[in-house]
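Grab a pencil and work through the exercises below. Each one comes with a solution that goes step by step.

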Amino acid sequence: MPTDLRPDVPHPARMYDYYLGGKDNFPADRAAAEKVLALSPLVRISALANRAFLGRAVHHLAAAGIRQFIDIGTGIPTAGNTHEVAQRVHPDARVVYLDNDPIVLVHSRALLSGTTPESTAVVQADLRDPAAILRTPEVRALLDSGRPVGLLLFAVLHFIDDQDDPHGIVRTLVDALPAGSRLALSHATGDFTAPADAAKGPAVYRNASAQLTMRSREQVLRFFDGLELAEPGLVTAPLWRPDQPAQPTDAEVAFWAGVGHKP
Ligand SMILES: C[S@@+](CC[C@H](N)C(=O)[O-])C[C@H]1O[C@@H](n2cnc3c(N)ncnc32)[C@H](O)[C@@H]1O
């Protein structure tokens, strides 16, 4: 059955694609994204900073010897996808991409049609059901190898409501990983926003197909419970092992970013 892309409903993955300068978005997505940008032009800077963090973190994990990745909340493929970064370090690196959004799946499958199916898989799954994620054959195959895994949760946990227990979800996933595995994540925050403005971003997403829950540094830090945080700890995305000199505004980019090591 053809996928219903619902072009009339603003969609977080397509809004994010628009912030990054991509072309896989519709007028409803652009209109909602422009509303968010009017509230805070920092959103685009934050999206770009988050994407750059993804590249540095995946490279860091691959350089540390990680050859298998579970990337949940993949987004519409754009420059510097996980498998491209990882396979530059280890040509045999394996990546399982999971997203709950049919449009992401359509785009991802088109992008990946050139890669060998054994090295890169795309699976439709919902982060709110981590047990089902752990049961998918593609994820099982990585875990059954017994080798450490890089679990990637970039810019996705803020789409999980408190009532869906995001910390419990991360614990379930991390518990299933072999020792030596890593958790890399980024998360939108309102920590740098004036209280009067903090609710405006989530308000725009209220009409979208997923809601936004900003979290404080302390709340995001709890995702790393039981893990050893790699230097420099939980920082704003541009300050995580930057490959160019930091700018004064980097300390207030609205994404917390970190990498943890499972002992
Ligand atoms: C902002 S994009 C992030 C893309 C990429 N990870 C990055 O950081 O560049 C968020 C993605 O999370 C996905 N997402 C949102 N809620 C989800 C859920 N409950 N389960 C799986 N994916 C979800 C969206 O479909 C979207 O593709």
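**Exercise 1. Work out how much of the protein chain is buried, and how the chain is built overall.**

Start with burial: 44% of the 263 residues in the protein chain are buried. Here a residue is buried if 20 or more other C-beta atoms lie within 10 Å of its own, exposed if 12 or fewer, and partly exposed in between, with C-beta atoms placed from the backbone. Before going on, note that this is a predicted model: local features need pLDDT of at least 70, side-chain atom pairs count only at pLDDT 80 or more, and totals for chains, interfaces and linings use all residues. Residues are numbered from 1 along each chain as its sequence is written.

Next, the secondary structure: the protein chain has eleven helices and eight strands. These are DSSP runs numbered from the N terminus, helices being H or I with at least four residues and strands E with at least two.

Then the dimensions: the C-alpha trace of the protein chain spans about 50 × 45 × 35 Å along its principal axes. For 263 residues, a compact globule would have a radius of gyration near 18 Å, and the protein chain's 17 Å agrees with that. That radius is taken over C-alpha atoms, and the globule rule is 2.2 Å times the number of residues to the power 0.38.

Last, the contacts: of those in the protein chain with a separation of 6 or more, 74% come from residues 24 or more positions apart. A contact means C-beta atoms, placed from the backbone, within 7 Å.

**Exercise 2. Check the length of helix 2 and find which residues are buried.**

Helix 2 covers residues 27–39, so its 13 residues at 1.5 Å each should span 18 Å. The expected span is 1.5 Å times one less than the number of residues. The end C-alpha atoms of helix 2 are 18 Å apart, which agrees.

Now list the buried residues of helix 2: D29, A32, A33 and V36. Seen down the helix axis, they fall within an arc of 100°, so they line one face of helix 2. The arc is that of the directions from the helix axis to the C-beta atoms. Over on the other side of helix 2, P27 and A38 are exposed.

**Exercise 3. Describe the shell around the ligand.**

Count first: 22 residues surround the ligand, and the closest are A13, G73, G75, D101 and F154. To be near, a residue needs its C-beta atom, placed from the backbone, within 6 Å. Helix 1 (12–19) and helix 3 (42–63) are the elements that give two or more residues to this shell.

Now sort by class: the shell has twelve nonpolar, five polar and five charged residues. Ala, Val, Leu, Ile, Met, Phe, Trp, Tyr, Cys and Pro count as nonpolar, Asp, Glu, Lys and Arg as charged, and the others, Gly among them, as polar.

**Exercise 4. Hunt down the unusual backbone spots.**

Look at A155 in the loop between strand 4 (150–154) and helix 8 (166–175). A155 has a positive phi of about 50° although it is not a glycine, and it counts as buried because it has 23 C-beta neighbours inside 10 Å.

D165 is also found in the loop between strand 4 and helix 8. Its phi is positive too, about 55°, although D165 is not a glycine. With 14 other C-beta atoms within 10 Å, D165 is partly exposed.

Finish with the peptide bond from E231 to P232: it is cis, with omega near 5°. P232 sits in the loop between strand 6 (228–229) and strand 7 (235–236).

Note on methods
Contact = placed C-beta atoms within 7 Å.
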